[in-house]
Every structure is written in structure tokens, then in C-alpha cells.
Amino acid sequence: MSAETRARTALVRAELQAAGLDACLVRGTDRFLNEYVPRPDSTRTWLTGFDGSTGEAFLPALESEGGLLSVDGRYELQAEDQTAETAFEVNHVPLGESVWANHCEAVAAWARAQPSPPRVGYPSQRCDEKALRVLREALAGDAQLVACLECPVERARGPIDESPGPLRAVDPARGGGTLAEKLGRIRKSLEAAQVDACLVQRLDALAWLTGLRASELPYQATFRGVGLITPEGLALALPGGAKRLPEGTDPELSVVAELPLQAGLRVGYVRSATSVSWLDAIRGAGATPVAIPCPLSSLMATKSAGEFAAMREAFARADRVMEGAIAFVNQRVDAGQRVTEADLAAQVEVLFKELGAHGLSFKVIAAAGCNGAHIHYSTPDPERAIVAGELVLLDMGGYFAEGYATDLTRTWIAGSQSEADPLQRERYTRVLQGALAGMSARIPRGTNGQQLDALVRAPIWAGGYDYRHGTGHGVGVNVHEAPPRIGTRAGTPVEEGQVFSIEPGVYLEGWGGIRIENLCTLEPAADAPGFLDMIPLTFAALDERLIDDTLLSEFERTWLQGYATRRAEVLA
């Protein structure tokens, strides 16, 4: 264990002992329940060194006991690498299982092995009600849970800088409507749920609802804050106060120091998107928290015509960034110049900025050769040179003025004169066939994400391959938006007007990886009532050198020709 890791672990254990706790849970999220947490605010990263977007940690107070880090299949190799010099053992969660639920079961197993029921602290600001219920059910009385408003890791780490950034307003015509229009639609569902107000804690929901964007958080167009929808409008509590609001802000929006929680109010909240600490605050004010379905999710997921226009423009720019990044690598390789994974990641950021991006929507994945086997390879290596003839996997995204994320992956052979070997061609073509099965699909209304997932995997299964991640996710203000989800356990229907990814892959340790990702939507089939047709929204070129034409059907060949024609139109 490194000296720094040893010191941090010792500090947290001292805090645990001072608080009379036998162990603590360390969440992968922050107090806004974010997926992409600013590194300084990630208690899990600070303690374990693992910086993937998904992962949960646990630390006992005794030095004789090791810690635990639970991750899913995307981060299997990364987690092992980043925790190699720590006290944390990696718990690999099987494909399709909940990381949090699996982690809680592992904690319960530890608790049952103790001589008496231990006192286990959990961070109430970083834990929603649904997550807490899963934890309680796993422990089943084998431990005493203790809510920690400030968790032991935060106390050991000390305060962090949360200086607010400036806000900017989005044109309502390209951002889903005005605040007043959105509130009018939301209030109907609040009335049906018989609540007086509704807490909004999800930052992407808050950004979409207000029509405001910022760049203060990494890989997001959101801003720190929390909102309360009331009959009068939206009360917004912001660090830094009203001076942050741009001119011309909707009059239904008021900035307050504290949310107007009052005794007697019935306050709606979403179980999976509200922290336990906020539920405690609602009850502490004499109000009653009422669990309701999220009143914003379906509104955010179904894009308006103006949102589609903004997103298509952003996606076309992302296509140009991808093709520019591929050309950058190939030109360097052709000229015999050294180019590394880190060089490629840096060039992606430069290209996005040149085309007007406000920031990246996630950390660039730039993996060469065997590193492509890491599904979420998030540490492009400044020493790993890209060489002619090897596969390069690039997964990248950004966001522009309206703050809608882009997400695009391509795999290609480094060097414009390189030729693919038979194995590269066969594996790439299998992945391509999976992508085509999704992008060309016609499905009946009501088809769920699990069914679409199987449709995409079928050609890859036929080749004897599979991949340990979902097939797709919704895209909106955040790069991962739900609904929809497309995966082995995704039971919710995919619907007209949603924007989501189709991203099959093949990953083989010691060989490398291939992923092809496009964003798509669904439109009513013109000649088949009751059916929806998949419509691609991203068109960056595919590497034709990697396509084994003998494996393709006539339909697939024809579809690819049409895709190439559409690419030429979009990128003209």
C-alpha cells in the first residue's frame, strides 16, 4: 500500500473509531446523486483510488480487516489496476446484477461474521431511500445502521472548493419549452398524485426544467442546486445565490437561501432520486414526504422538435470530431511520428472546442491494442504509442450551447495504409452486424429494452461472442438518461421521440476490444401501423477495411450503402 493510501485509510479509521462505528459505506455518488462526480468530491475515489463512474466501497474500522470495492464488468480490469496498492479487495459484480445490491450482500456477509452486530455508518446525503431499503434488507438486523450527514471520509478528507460557475440560459424553443410551459405539464401529474409541492434533486432534471446550463461540474452541463416545485413556481436553492442567474430568467423561478418547506405540506419526491438527508429535512420542517413517480422523466426523455434540431446539430459536430480524430492518428502513424493514447484524447478535446463545445460529456476513452479490452478504459496512457495495424477504440462526447450530450464510439485500424487481419475483420463485422440489427430495427410499440437488447446481441452471439455491458442508454442533458435503458434486464418500453445509444462490442483480454456506438431515435413506421422504425442520428464513417463483406447479408450491404449516403449529406 502506498504511503498516501495508508495515511488516508488510517484517517478514516480514526474517524470511525471516534464516532463509535465499526465500519462505513462509501458511496460512488455525491450529495446530488450524480453519476459523474467531480473528482475532489468523490469520497470513494479519494479513499480507494478507483475513479470509474460506477462503484461502491466499504471500510471496516479495524486495521486487520481489508476494505471492499464493488464494480461491474465495465471496470473489472481498471478497478484491479487502480486498487493494486490499497487495502481494498475488488468484488466483481456479474453482468446484469445491481452493483449496489451485490455490494450490500457482501457487507451483510461481513456483518454476520462479526462477534456481535456491528454499528455501520452510511452517508445519508449520498444514499437515496431505495438504496437504503436495499441495504436494510440485505443486513436483515445483522448490523445497526447509523445515518451520517457528514460521512467519516468527508471528515477525514476535509472541505473542498465548491465555487459556483456562471449560468447561461438556453433558447426555450431548443430546450423543451419555457419554465412556465414545463411546470404546467408537471402540475397535472402532481395534482393526480395529491401533493402540494415536489422536490427536484437530480441536477440534469433541474437544468432541463429551468432551461439553465453551466460548466462548473466535469462532464456535465448542469449546476449545483436543488429545487422545489410549488403552486407559485419553482424555488431554486443555489450556492452563491441570485447573482448567478442570467438576465431575462423566467419570472416563475425564484432563488432562495432555503427551500420553502412548511408544516402541513405534502411534498412529492422520487425514491431513487432523493437523498435520505432531504427526506429528513422535509420531515424536520413538519411536512410530509410522499413518494411519487418522477414527473419529469417522460417529459425529458421525449424530445421536442426544437430539442431534436439542437441535438442533430450537436451530433453532426461530434461526427466531425470523430473523423478528425481518426485522421489525426492515421496521419501521425503514416508519417512515422509518435502518437499516444493521451495525444489522441487531448486532440479530441481540442477538436470539440474548435467546433464550439462548452465541454466534454464524459472522459475520453482512447484505447489502443490490448487496452481496448478495458470496457471503460478511462486513463489514456501518455507512454502508450499507437502503432500501425493495431485496433484503436475511441469513445467520446461533448456538449454545445443547449447542453445536450453527444456520445459516439468508433474502432479502426491505425494507419491509412494498414490492412486488417482475418480475426480483426471477423470480430469487427460481428459487432457491426449487431449494431445494424439495432439501427435498422422495426419493432412493435411496447417493445422493451430487454427485447431490443437481444435483437442486437443475436448476430454477436452467432459468432460466439458477447459483451458485459448494456446495449444502450438514453441521452439528454446528461450522457446517461433514463428512460430508456436497453439491456438484459430492461423491462421498460422504448418509445417514439426518445434518443438513445446502440453500442454492442467484443472485448477479449490480451487481444483488445471493438465497440461501435451510434445514437438513434424511434419514429412511427409509415407503412406499418403499430410499429416503430429505428432512425440513426450519428453518421461518423465506419472503417471499411475491417468489414468482411462475405459475412454480410444483402440487406446489410444495402443498408450500409444508404448509411454512407446519409453520412455524406449530414457532413457536407
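**Note on a three-stranded sheet and an enclosed cavity**

1. In this predicted model, an open sheet is built from 3 strands that follow one another in the order β16-β17-β19, and their pairing is antiparallel. Because β16 (365-368) and β19 (408-413) stand at the edges and each has a single partner strand, one side of each is left without a neighbour in the sheet. Neighbouring strands of this sheet are turned against each other by 10 degrees on average, with direction ignored.

2. As background to the pairing, strands of a sheet are joined through backbone hydrogen bonds, in either a parallel or an antiparallel arrangement. Here β16 pairs with strand β17, which covers residues 391-396, in the antiparallel sense and over 4 bridges. For a reader who wishes to locate this pairing in the structure, Ile-365 has Asp-395 of β17 as its bridge partner.

3. Turning to internal space, the count comes to 1 cavity of 30 Å³ or more, and the largest cavity holds about 90 Å³ of space.

4. The lining of the largest cavity draws on several parts of the sequence, including Cys-198, Leu-199, Val-200, Gln-201, Arg-202 and Ala-205, together with Val-270, Ala-273 and Thr-274, and also Cys-294, Pro-295 and Leu-296. Strand β8, which spans residues 197-200, gives the most to this lining, with 3 residues.

5. By class, the residues that line the largest cavity divide into 9 nonpolar, 2 polar and 1 charged. Arg-202 is the charged residue of this lining, whereas Gln-201 and Thr-274 are the polar ones.

Technical notes. Residues are numbered from 1 along each chain as its sequence is written. This is a predicted model: local features need pLDDT of at least 70, side-chain atom pairs count only at pLDDT 80 or more; totals for chains, interfaces and linings use all residues. Side-chain values use heavy atoms; hydrogens and water are left out. Two strands pair if DSSP finds at least two bridges between them. Helices (H or I, at least four residues) and strands (E, at least two) are DSSP runs, numbered from the N terminus. Axes are lines fitted to C-alpha atoms, for helices over the stretch in contact, and angles run from 0 to 180 degrees between N-to-C directions. On a 1 Å grid over the protein atoms alone, a cavity is a set of points where a 1.4 Å probe fits but cannot get out, and a pocket is an open set with protein on both sides within 12 Å along at least five of seven lines; lining residues have an atom within 4 Å of a point. Grid points are joined across faces, edges and corners, and a volume is the space filled by probe spheres set on the points.
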